[in-house]
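Trainee: Got a minute to go through this model with me? I'd like to talk charges, pockets and cysteines.
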Amino acid sequence: MKLASLKNGTRDGRLVVVSKDLSRYLDVSDIAPTLQAALDDWSSVAPQLETQYQGLNRGEANDSLAFSAEQCESPLPRAYQWADGSAYVNHVELVRKARGAEMPPSFWTDPLMYQGGSDHFIGPTDDIPLADEAWGIDFEGEVAVITGDVPMGVSAEEAKSSIRLLMLVNDVSLRGLIPNELAKGFGFFQSKPSSVFSPVAVTPDELGDAWDGAKVALPLLSHFNNEPFGCPNAGVDMTFEFPELIAHAAATRPLGAGTIIGSGTVSNKQGTDYGTSIMEGGVGYSCIAELRMIETIRDGQPATSFMRFGDRIKIEMLDEQGASIFGAIDQQVVRYE
């Protein structure tokens with residue numbers, strides 16, 4: 001099943017089911033007005049939504065309309081909780097290596113996670129408004145899950161059953177603000193502006209064999225200014241899988257239905273000090289910072305600049321037949337006035 005939230009002038013959008021090929025949608029607001037409402041009553045609402053979804057795919061929905069990502073908010077335009085992990089420890093290792101810092105052994109056994117702002121997410125094709133290029137504007141391509149209610153102290157095995165939906169993420173980061181902010185010892189805040197999610201959120205069964213209950217074994221595609229930038233496989237080098245991340249987040253508190261848990265930047269080890277661009281025959285990167293790390297390790301200094309006003313980023317994931325699963329995050333950075 002594929003779900004989206006269409007813009008309708010409200011904070012939470014209007015819930016629709018979207019056809020498997022992302023060509024048509026059907027209003028299901030009579031079943032649940034918003035995605036959060038559906039998640040709050042998932043056991044009774046999901047079967048009804050599934051029935052509408054199957055009918056839409058069979059061409060039985062006479063009142064369906066043409067679907068476009070431009071109509072969409074992020075699937076949850078706001079959420080009760082957004083917690084982002086750093087499951088691809090290769091990415092963390094590169095960050096520290098570039099500045100000559102050793103990596104604590106605990107990073108391989110205890111997940112990193114921060115709690116992001118969730119009161120406002122940017123739509124998947126909306127501009128990213130920021131005031132200053134000197135902030136070091138970067139994209140981060142990730143995968144995320146949306147959970148149902150999760151009890152405190154849940155095990156990773158038990159956490160599997162709480163995963164309701166998956167989507168893609170652009171976790172916008174301001175690299176120039178991060179060092180001073182982290183040095184305060186209180187974590188990210190100003191350096192993590194509003195995040196962005198794919199037009200569509202999908203139930204795990206939509207991924208077929210690419211979903212093993214814990215991770216997605218498909219490449220995450222990034223195009224920066226219309227050029228291929230990264231295609232690392234999200235199922236490779238994921239040190240902490242989604243059930244582990246959920247259990248980590250719920251270790252000392254329960255998680256409410258609609259909690260979003262992110263994977264962190266998708267990153268694969270690939271030789272040459274763990275990085276090779278697509279042009280060099282590798283799988284590239286899911287953020288500019290990682291490329292700059294490789295340049296620093298190789299050459300002593302980075303050569304690639306962070307994003308500037310007018311730059312575009314597109315993030316997408318295709319199935320084995322080449323069809324888009326979640327639709328594309330496709331955005332331009334603009335000056336905030």
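**Charge pairs, a pocket, a helix and cysteines**

Mentor: Start with two charged residues: Lys192 is buried, and Asp171 is buried too. Keep in mind that this is a predicted model.

Trainee: What do the side chains of Lys192 and Asp171 do?

Mentor: They meet in a salt bridge, at 2.9 Å from N to O. Lys192 sits in the loop between helix H5 (178–183) and strand E12 (196–197), and Asp171 in the loop between strand E10 (163–170) and strand E11 (173–174), so the pair ties together parts 21 residues apart in sequence.

Trainee: Which residues are linked in a network with them?

Mentor: The salt-bridge network links Asp138, Glu140, Asp171, Arg175 and Lys192.

Trainee: Why would side chains pair like that?

Mentor: Opposite charges can pair when the charged atoms come close.

Trainee: How many salt bridges does the count come to?

Mentor: The count comes to 17 salt bridges. One of them joins Lys20 and Glu206, with the closest N and O atoms 2.7 Å apart. That pair links distant parts of the chain, 186 residues apart. Lys20 is in the loop between strand E2 (14–18) and strand E3 (24–27). Glu206 is in the loop between strand E13 (201–202) and strand E14 (221–224).

Trainee: Glu206, buried or exposed?

Mentor: Buried, because its relative accessible area is 12%, under the 20% cut-off. Lys20 is partly exposed, at 45%.

Trainee: And what about Glu133 and Arg308?

Mentor: Their side chains meet in a salt bridge too, at 3.7 Å from N to O. Glu133 lies in the loop between strand E7 (128–130) and strand E8 (137–138), while Arg308 is in the loop between H7 and strand E17 (312–316). They are 175 residues apart, so this pair also links distant parts of the chain.

Trainee: How accessible is Glu133?

Mentor: Glu133 is partly exposed, with a relative accessible area of 27%. Arg308 is partly exposed as well, at 44%.

Trainee: Switching to pockets. How much space lies in the second largest pocket?

Mentor: About 370 Å³. It has 19 lining residues, and the closest to its centre are Gly117, Phe189, Lys192, Pro193 and Ser194. So Lys192 turns up again, this time in a pocket lining.

Trainee: Which elements give two or more residues to that lining?

Mentor: Strand E6 (113–116) and E7. By type, the lining divides into 9 nonpolar, 7 polar and 3 charged residues.

Trainee: Now helix H7. What should its span be?

Mentor: H7 has 12 residues, 288–299, so at 1.5 Å a residue it should span 16 Å. Its end C-alpha atoms are 16 Å apart, which agrees.

Trainee: Which residues of H7 are buried?

Mentor: Ile288, Ala289, Glu290, Leu291, Met293, Ile294 and Glu295. Just after H7, Gly300 takes a positive phi of about 90°.

Trainee: Last topic, cysteines. How many disulfides does the count come to?

Mentor: The count comes to 0.

Trainee: Why no bond for Cys231?

Mentor: The closest cysteine sulfur, in Cys287, is 14 Å from the sulfur of Cys231, and a disulfide needs the sulfur atoms within 2.5 Å, so that is too far for a bond. Cys231 is partly exposed, with a relative accessible area of 26%.

Trainee: And Cys72, buried or exposed?

Mentor: Cys72 is buried, at 0% relative accessible area.

Key:
Residues are numbered from 1 along each chain as its sequence is written. This is a predicted model: local features need pLDDT of at least 70, side-chain atom pairs count only at pLDDT 80 or more; totals for chains, interfaces and linings use all residues. Side-chain values use heavy atoms; hydrogens and water are left out. Helices (H or I, at least four residues) and strands (E, at least two) are DSSP runs, numbered from the N terminus. The expected span of a helix is 1.5 Å times one less than its number of residues. Buried means under 20% relative accessible area, exposed over 50%, partly exposed in between (1.4 Å probe, protein chains only). A salt bridge is a side-chain nitrogen of Lys or Arg within 4 Å of a carboxyl oxygen of Asp or Glu. On a 1 Å grid over the protein atoms alone, a cavity is a set of points where a 1.4 Å probe fits but cannot get out, and a pocket is an open set with protein on both sides within 12 Å along at least five of seven lines; lining residues have an atom within 4 Å of a point. Grid points are joined across faces, edges and corners, and a volume is the space filled by probe spheres set on the points. Ala, Val, Leu, Ile, Met, Phe, Trp, Tyr, Cys and Pro count as nonpolar, Asp, Glu, Lys and Arg as charged, and the others, Gly among them, as polar.
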